[in-house]
Amino acid sequence: KGVTIITNSEVKKLEYTDSRITGVVSADKAYTADIVVNNTDAAYFYTHLIPPEKNSTYTEEKLKKMRHSNSYFTINIGLKKPINSLGHHSFFVGKNWKEAFDLAFTPQSVEKFDTDNMCYYFLQPTISDPSLAPSGKATAFILMPVCGYDPDFDWLAHEDEFKNKIYDVIEMRDGIPIRDLIEEEIVMSPPRWGEKL
């Protein structure tokens, strides 16, 4: 169809003709456009790409009052060996799962997650494809839904504490000695997801 897809080119700003968006500017080039479609997080789009003088609808003050979709706290880990008691996909649900899903949409709620309500997804792809890790080892990915837009919570100051809370639940509630198996880990809280992606 003659479409050119450009990857690894972050949009730095938008071009306008009067009040209409007519292009995007990346780090290395400007592109004109008849139509601009945004697929980034809406709160990020309105606070970082739309200049304040063009944004009378979704101001920072209004965004703080709105109910936003959730985000994720994730941990990518390299394991000394596979966890054979788990499959490729595993879901762990606390007794108070409804509260966990409410908290995932509630700002300032991270401290309220506990053993009874924490729900997470555990992916261990090496169970299906051992070639994804060195011989005898395994990879895993832990994903926990949390509040996405939480401008008054300093995730970076609490990442380690929250990661350890997840590990405590995995070990104490779900009986998996996760800390003994970890060789490598990459933690991604909502602001890291936002910064990287």
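In this predicted model, Lys95 and Asp116 form a salt bridge, with their closest N and O atoms 3.7 Å apart. The pair ties together distant parts of the chain, 21 residues apart: Lys95 sits in the loop between strand S5 (89-92) and H3, while Asp116 belongs to the loop between H3 and S6. Lys95 counts as exposed because its relative accessibility is 72%, whereas Asp116, at 38%, is partly exposed. Elsewhere, salt bridges with shared partners connect Asp160, Lys163 and Glu185 into one network.

In total, 11 salt bridges are found in the whole structure. Among them is the pairing of Glu10 with Lys12, at 3.6 Å from N to O. Glu10 is partly exposed at 48% relative accessibility, and Lys12 is partly exposed with a relative accessible area of 48%. Another joins Lys13 to Glu15, whose closest N and O atoms are 3.9 Å apart. Lys13 has a relative accessible area of 45% and so is partly exposed; Glu15, at 31%, is also partly exposed.

Returning to the loop between helix H3 (97-103) and strand S6 (120-123), the next residue to consider is Asn117. Asn117 counts as buried because its relative accessibility is 0%. Its side chain reaches the backbone oxygen of Lys112 at 3.1 Å. Beyond residues up to four places away in sequence, Asn117 touches Gly94, Asn96, Glu99, Ala100, Leu103 and Lys112.

Helix H3 also holds Trp97, which is partly exposed with a relative accessible area of 48%. Together with Phe91, Val93 and Phe101, Trp97 makes a nonpolar surface patch of about 470 Å².

Turning to the interior, the largest nonpolar core contains 32 residues, and those with the most contacts inside it are Ile77, Leu79, Phe122, Ile142, Phe162, Ile166 and Ile178. At least two residues of this core come from each of strand S4 (70-79), H3, S6, strand S7 (138-147), helix H4 (155-173), helix H5 (178-181) and strand S8 (182-188). H4 gives the largest share, 6 residues. Setting aside neighbours within four places in sequence, Ile166 is in contact with Phe73, Ile75, Met118, Ile142 and Met144.

A second, separate core has 5 residues, including Leu14, Val24, Phe45 and Ile50. Phe45 is also one of the buried residues of helix H1 (residues 42-49), alongside Ala43 and Leu49. The cover over the buried residues of H1 includes strand S1 (11-17) and helix H2 (60-65).

Conventions. Residues are numbered from 1 along each chain as its sequence is written. This is a predicted model: local features need pLDDT of at least 70, side-chain atom pairs count only at pLDDT 80 or more; totals for chains, interfaces and linings use all residues. Side-chain values use heavy atoms; hydrogens and water are left out. Helices (H or I, at least four residues) and strands (E, at least two) are DSSP runs, numbered from the N terminus. Buried means under 20% relative accessible area, exposed over 50%, partly exposed in between (1.4 Å probe, protein chains only). A polar contact is a pair of N or O atoms within 3.5 Å; within protein, one must be able to donate a hydrogen and the other to accept it, and residues adjacent in sequence count only if both atoms are side-chain atoms. Contact means heavy atoms within 4.5 Å. Patches are made of residues with over 30% relative accessible area and no salt bridge: like charges are joined within 9 Å, nonpolar side chains (Val, Leu, Ile, Met, Phe, Trp, Tyr) within 5 Å. Accessible areas come from the Shrake-Rupley method with a 1.4 Å probe; for residues, only the protein chains shown count as cover. A salt bridge is a side-chain nitrogen of Lys or Arg within 4 Å of a carboxyl oxygen of Asp or Glu. A nonpolar core is a set of buried Ala, Val, Leu, Ile, Met, Phe, Trp, Tyr and Cys residues joined through side-chain atoms within 4.5 Å.
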